[in-house]
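Trainee: I would like to take a close look at a single part of this model, and I would be glad if you could walk me through it in one connected account.

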Amino acid sequence: MDMVMKLGSSSAVVIFTKSSCCISHSIETLIRSFGANPIVYELDTHPNGKQMERALMELGCEPSVPAIFIGKELVGGANEIMSLNLRGKLKQLLIRAKAIWV
């Protein structure tokens, strides 16, 4: 769990995904559409991917991907990101995390 938390706080936006997950790709595309440049870890290709996936599940990510950290905090998965976006709060969160500038 420590490795995931350390990686999650290494940048303004960090996304844990799997290369075959279309929802992960959609969330990454959404975040990039605001101008953010997230660090992306694909668990199915990462050498420690299985460990990281278990750690994300221990943190409450169900399913394990996508898992999104913004501003060094675990925001959650696709549902949380989409909810923030629909309420107009995702952009403000990205600005506060210094992931984008307006």
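Which residue in S2 does Val 14 stand opposite?

Mentor: In this predicted model, Val 14 stands opposite Ile 39 in S2. That pair belongs to a wider arrangement, in which strand S1, residues 13-17, is joined to S2 by four bridges, the two strands running parallel. Helix H2, which spans residues 22-33, packs on the sheet and touches S1, S2 and strand S3 (67-70), while the direction of H2 makes about 165° with that of S1. The sheet as a whole is open and is formed by four strands in the order S2-S1-S3-S4, with mixed pairing. Its edge strands are S2, at 39-42, and S4, at 73-76, each of which pairs on one side only; from one strand to the next, the twist averages 25°.

Strand S4 also leads us to the largest pocket, whose volume is about 200 Å³. The pocket is lined by 15 residues, and the closest to its centre are Glu 62, Pro 63, Gly 77, Ala 78 and Glu 80. The elements that give two or more residues to this lining are S4 and helix H4, residues 78-86, and H4 gives the most, with three residues. By character, the residues of the lining divide into nine nonpolar, four polar and two charged. Edge strand S4 is thus a convenient place to pass from the sheet to the pocket, since S4 is one of the elements giving two or more residues to the lining.

Methods
Residues are numbered from 1 along each chain as its sequence is written. This is a predicted model: local features need pLDDT of at least 70, side-chain atom pairs count only at pLDDT 80 or more; totals for chains, interfaces and linings use all residues. Side-chain values use heavy atoms; hydrogens and water are left out. Two strands pair if DSSP finds at least two bridges between them. Axes are lines fitted to C-alpha atoms, for helices over the stretch in contact, and angles run from 0 to 180 degrees between N-to-C directions. Contact means heavy atoms within 4.5 Å. On a 1 Å grid over the protein atoms alone, a cavity is a set of points where a 1.4 Å probe fits but cannot get out, and a pocket is an open set with protein on both sides within 12 Å along at least five of seven lines; lining residues have an atom within 4 Å of a point. Grid points are joined across faces, edges and corners, and a volume is the space filled by probe spheres set on the points. Ala, Val, Leu, Ile, Met, Phe, Trp, Tyr, Cys and Pro count as nonpolar, Asp, Glu, Lys and Arg as charged, and the others, Gly among them, as polar.
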